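Subject: Model handover and notes

Hello,

Here is the model we talked about. Please open it alongside this email; my notes follow below.

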Amino acid sequence: MVCPFAYLASRRIEALAQRVGATVDWRPVLLGGVYRAVGQADYPSAVGPPEKLRMNALDLHRWAALDGAPLRVPVGHPRRSVEAMRLLLSRSGEARRALSHALYQAYWVDGVDVANPAVLAEVAWQKVGLPARETLAVLADAGVKAALHEATAEAVARGVFGVPTFVVEETGQLVWGQDRMGVLEGILERASTSTSTSTSTSTSTSTSTSTSTSRSTSTSTSTSTSTSTSETRQLDFWFDPSSPYAFLAATQLGALEERTGVTARWRPLFLGARFKQLGYPADPLQRYPAVKSQYLKGDFARAARHLGIDLVVPRTFPQSSLQALRMLVAAEARGGQADLVRLALAIYAAYWTGGDLDLSDLAALARVADAAGLPGAALAEKAQTPAVKQALVALTEEAAAAEIFGAPFFRVSHPDGATDWFWGHDRLPLVERALAGWRPDLAGVDLSRGL
């Protein structure tokens, strides 16, 4: 219940299931218990560099605005929700579903204390007709307490490390995150047969929002739109060849440019240097518990499959992209954005689609450039000049000043001088809306403390 992204997912999962002929089995778990079992901080959304925490909070409110979901982060968040989860586990079927929505509403919209037995008794009576004395008995029932711990342990055993997590029962495939629900839908569509496909949804809370659970197809009423894009808005794409998600974003930019009339400006940055500034290990996946790190490695391929892209994780991953980046800077110095983009796409293809390119090998990079119709040897020589090296340093410093902490990053510049920043290839739908003038009204939203 304390995960706001699980709240947003709860509003959409039933409509998704209906589209693909699936059923949803709501599975309450103790999120704190999951975190402790996998060796993660009690509330990982509050851990990390400040710039990332602010972006996570900004993303939350953007997704809520897009969905038309009312959202007020309650005072004292994250609050205790153990009693609410016990109540949910004690119900089944439609009663659990209805209580889930009601309790999400109570926590994320009404801001009431769901650890208060009186509050839970009132919600249970209003939504499922459960008398107060029965609710109070459930909350104190040792059997219910034990069952909730068992349900949490089962979720961990199946690979759950956070919420919302979706498990396709027939295949055992696991999808984590409300921003991966498109991937989930694709998996279910491929797995669908003449019989109904069942989906387990592991959440740490119940779902409480309005009575509508389908995702809105329009932006919230607090957004503005503009019919002009190419003449009034600009798009910057910050990338590093070593990032699989930046690779996926790069494969989608051409289509986005055609739809919006906006040509992206490609901005290389040395992600390894930026990670060092942030205190990250050379392999950023090492920051996470083993089960989450392993899941994220598989997420590259799942995300690529969803986009229809053939992605092959290189045998050496991650690796330093410094020489590749210098080649890209040299290409831009020679022939502007056209040469930079041509070489970047060639390097991405050679590294991420089975070529197993060594990003630190200048001779190999020169051959990639030659194959792309660029003078590889000349670019390799230019890449070693002080001017090119300093230009890459300046780009990376510019990224740091802009609080970029990963790749891909996108900056949408508006006619009034305002800018919107987006992180991740899966934020491209939001980028496209921003290029059309979508700007959620986030007045009064405090992003300083993250989630």
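In which loop is Ala 407 found? The loop is the one between helix H16 (386–401) and strand E7 (409–413). Bear in mind throughout that this is a predicted model.

Ala 407 is buried, because its relative accessible area of 10% is under the 20% cut-off. Its contacts, not counting residues up to four places away in sequence, are Trp 238, Phe 239, Asp 240, Ser 243, Tyr 245, Ala 246, Leu 271 and Trp 423. Pro 268 is 139 residues from Ala 407 in sequence, yet their C-alpha atoms are 9.7 Å apart in space.

The same loop, between H16 and E7, holds Glu 403. Glu 403 has a positive phi of about 65° and is not a glycine. It is partly exposed, at 35% relative accessibility.

Next, Arg 267. This residue sits in strand E6 (residues 265–268). Is Arg 267 buried or exposed? Arg 267 is buried, with a relative accessible area of 9%. Its side chain makes a polar contact with the side chain of Glu 398, at 3.0 Å. Glu 398 also appears in the contact list of Arg 267, which leaves aside neighbours within four places in sequence. The other entries there are Asp 236, Phe 237, Trp 238, Phe 239, Leu 395 and Arg 411. Trp 238 and Phe 239 are contacts of Ala 407 as well.

Now the core. The largest nonpolar core has 140 residues. Leu 235 and Trp 266 have the most contacts inside it. Helix H13 (residues 322–352) gives the most to this core, with 17 residues. Beyond its neighbours within four places in sequence, Leu 235 is in contact with a long list of residues, among them Leu 253, Leu 256, Val 262, Phe 410, Val 412, Val 431 and Leu 435. Ala 264 and Arg 411 are on that list too.

Ala 264 leads to Gly 254. The two are ten residues apart along the chain, and their C-alpha atoms are separated by 8.8 Å. Gly 254 is in helix H10 (residues 244–260). With a relative accessible area of 35%, Gly 254 is partly exposed.

On to the hairpin. E2 (residues 165–168) and E3 (residues 173–176) run antiparallel, joined by four bridges. Thr 165 has Trp 176 as its bridge partner in E3. Four residues lie between the two strands, and Gly 172 in the turn has a positive phi of about 80°. Which residues of E2 lie on each face? Thr 165 and Val 167 are on one side, Phe 166 and Val 168 on the other, and all are buried. In a regular strand, side chains alternate between the two faces of the sheet. Both faces of E2 are covered.

Last, the backbone. Most peptide bonds are trans, and most residues other than glycine have a negative phi. Please look at these sites:

- His 77 and Pro 78 are joined by a cis peptide bond, with omega about 0°. Pro 78 lies in the loop between helix H3 (50–67) and helix H4 (82–90).
- Val 163 to Pro 164 is also a cis peptide bond, with omega near 0°. Pro 164 lies in the loop between helix H8 (142–157) and E2.
- Asp 356, a residue other than glycine, has a positive phi near 55°. Its place is in the loop between H13 and helix H14 (362–371). Asp 356 counts as partly exposed, at 26% relative accessibility.

Best wishes

Definitions and conventions:
Residues are numbered from 1 along each chain as its sequence is written. This is a predicted model: local features need pLDDT of at least 70, side-chain atom pairs count only at pLDDT 80 or more; totals for chains, interfaces and linings use all residues. Side-chain values use heavy atoms; hydrogens and water are left out. Buried means under 20% relative accessible area, exposed over 50%, partly exposed in between (1.4 Å probe, protein chains only). A polar contact is a pair of N or O atoms within 3.5 Å; within protein, one must be able to donate a hydrogen and the other to accept it, and residues adjacent in sequence count only if both atoms are side-chain atoms. Contact means heavy atoms within 4.5 Å. Two strands pair if DSSP finds at least two bridges between them. A nonpolar core is a set of buried Ala, Val, Leu, Ile, Met, Phe, Trp, Tyr and Cys residues joined through side-chain atoms within 4.5 Å.
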